[in-house]
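Biologist: Before I take any label at face value, can you walk me through what stands behind it?
Modeller: Sure, let's put it up and go label by label.

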Amino acid sequence: MRIVFLGAPGSGKGTQASLLKERLGLAHISTGDLLRAQVAAGTELGRAAKEVMARGELVSDAIVLGMLEARMAEPDVANGYILDGYPRNSAQAVALDALLDRLGMPVDRAVLLEVEDEVLLVRIAERARKEGRADDNPESLRTRLTVYQEQTAPVIEHYAGKGNLRRVPGIGTVEDIHARIRDALA
Ligand code: AP5
């Protein structure tokens, strides 16, 4: 199965993608994780992305698409994939369609995790205390939420228009949400 996860920062995309990856044997491709690995490794790409990510803004479409294309060429993707954090704006959605058409691996389902802002704020504050991610501070989070509303939310319509969008309430326990996602994919 080929899945795109959509949702605001802190909506649980990474958590749920990891669970589903284990259950279905899919490749979990998180552009945020790929970028953080580049930052940690101190590559040229990572140096270009570091400050942009810390501010909560989007890294350039060209950089992220290049990184995604390289990841999509790896063998595990042939079994199916979960995209987590991509596409994040309308241009990325169009570029993704073109890439996946070329690869013959179009998206089967887009899953939107719906979570109220109040819950997102609590989850991110909690992770900031535990893990100290560079963009988990109030100012960057405000930017991330604005970027989500202005640039990423329109991507929801992109998938709704194709008829493969599934909306899933993203509140409750991790296990309950996982069960809802599996129902939505059935
Ligand atoms: P990215 O890493 O994608 O971050 P994000 O979208 O802000 O998402 P998060 O990782 O914060 O949240 P999530 O929805 O995955 O939730 P999670 O499961 O972690 O992107 C980071 C940055 O990279 C971007 O701002 C941008 O700069 C750049 N970037 C990435 N992709 C890009 C792209 N395509 N184009 C351009 N730039 C890009 O959960 C959050 C927390 O809540 C965790 O602590 C978790 O344990 C907890 N939690 C999860 N579920 C529950 C639950 N049910 N109950 C209680 N707690 C829960």
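What follows is a chat about how the labels on this predicted model were reached.

Biologist: Start with Thr31. Why is Thr31 called buried?
Modeller: Its relative accessible area is 3%, and buried means under 20%. So Thr31 counts as buried.

Biologist: Where does Thr31 sit, and which residues does Thr31 touch?
Modeller: Thr31 belongs to helix α2, residues 31-41. Leaving out residues up to four places away in sequence, Thr31 touches Val64, Met67, Leu68, Asp84, Gly85, Tyr86 and Arg88. Its side chain also reaches the backbone oxygen of Gly85 at 3.0 Å, and the cut-off for a polar contact is 3.5 Å.

Biologist: Tyr86 is on that list. What kind of peptide bond joins Tyr86 and Pro87?
Modeller: A cis one, with omega at about 5°. Pro87 lies in the loop between β3 and α5.

Biologist: Over to helix α3. What makes the buried residues of α3 line one face?
Modeller: First, the residues: Gly46, Ala49, Val52 and Met53 are buried in α3, which spans 44-55. Looking down the axis of α3, those buried residues fall within an arc of 140°, so they line one face of the helix. Glu44 and Arg47, on the other side of α3, are exposed.

Biologist: Which element helps cover the buried residues of α3, and which residue follows α3?
Modeller: The cover includes α2. Gly56 follows α3, and its phi is positive, near 90°.

Biologist: Now the strands. How do you know that β2 and β3 pair?
Modeller: Pairing takes at least two bridges, and β2 and β3 have four, in the parallel sense. One place to look is His28, which stands opposite Ile82 in β3.

Biologist: Which residues of β2 are buried on each side?
Modeller: Ala27 and Ile29 are buried on one side of β2, and His28 and Ser30 are buried on the other, so by the under 20% rule both faces are covered.

Biologist: And what about β1: which strands does β1 pair with?
Modeller: β1 runs parallel to β3, with four bridges joining them; there, Phe5 stands opposite Asp84. β1 also pairs with β4 in the parallel sense, over five bridges, and Ile3 has Arg109 as its bridge partner in β4. The minimum is two bridges, so both pairings pass. As for cover, five of the six residues of β1 are buried.

Biologist: I care about the ligand. How many residues surround the ligand, and which are closest?
Modeller: There are 31 residues around the ligand, and the closest are Thr15, Thr31, Glu57, Arg88 and Arg127.

Biologist: What makes Arg88 a polar contact of the ligand?
Modeller: An N or O atom in the side chain of Arg88 is 2.6 Å from an oxygen atom of the ligand. The limit is 3.5 Å, so that pair qualifies. Arg144 has a polar side-chain atom 2.8 Å from a ligand oxygen, and a backbone N or O atom of Gly12 lies 3.0 Å from an oxygen atom of the ligand. The protein covers 86% of the 1,000 Å² of accessible area that the ligand has on its own.

Biologist: Arg144 came up there. How do you know that Asp136 and Arg144 make a polar contact?
Modeller: Their side chains are joined at 2.9 Å, and the cut-off is 3.5 Å. Asp136 is in the loop between α6 and α7, and with a relative accessible area of 7% it is buried. Beyond its neighbours within four places in sequence, Asp136 is in contact with Ile124, Arg127, Ala128 and Arg144.

Biologist: Why is Val119 called partly exposed?
Modeller: Val119, in helix α6, has a relative accessible area of 27%. Buried needs under 20% and exposed needs over 50%, so Val119 falls in between.

Biologist: Last one: is His178 buried or exposed, and why?
Modeller: Buried, because its relative accessible area is 10% and the cut-off is under 20%. His178 sits in helix α8, in contact with Gln16, Leu19, Leu20 and Arg23 once neighbours within four places in sequence are left aside.

Conventions. Residues are numbered from 1 along each chain as its sequence is written. This is a predicted model: local features need pLDDT of at least 70, side-chain atom pairs count only at pLDDT 80 or more; totals for chains, interfaces and linings use all residues. Side-chain values use heavy atoms; hydrogens and water are left out. Helices (H or I, at least four residues) and strands (E, at least two) are DSSP runs, numbered from the N terminus. Buried means under 20% relative accessible area, exposed over 50%, partly exposed in between (1.4 Å probe, protein chains only). A polar contact is a pair of N or O atoms within 3.5 Å; within protein, one must be able to donate a hydrogen and the other to accept it, and residues adjacent in sequence count only if both atoms are side-chain atoms. Contact means heavy atoms within 4.5 Å. The arc is that of the directions from the helix axis to the C-beta atoms. A residue is near a molecule or strand if one of its heavy atoms lies within 4 Å of it. Accessible areas come from the Shrake-Rupley method with a 1.4 Å probe; for residues, only the protein chains shown count as cover.
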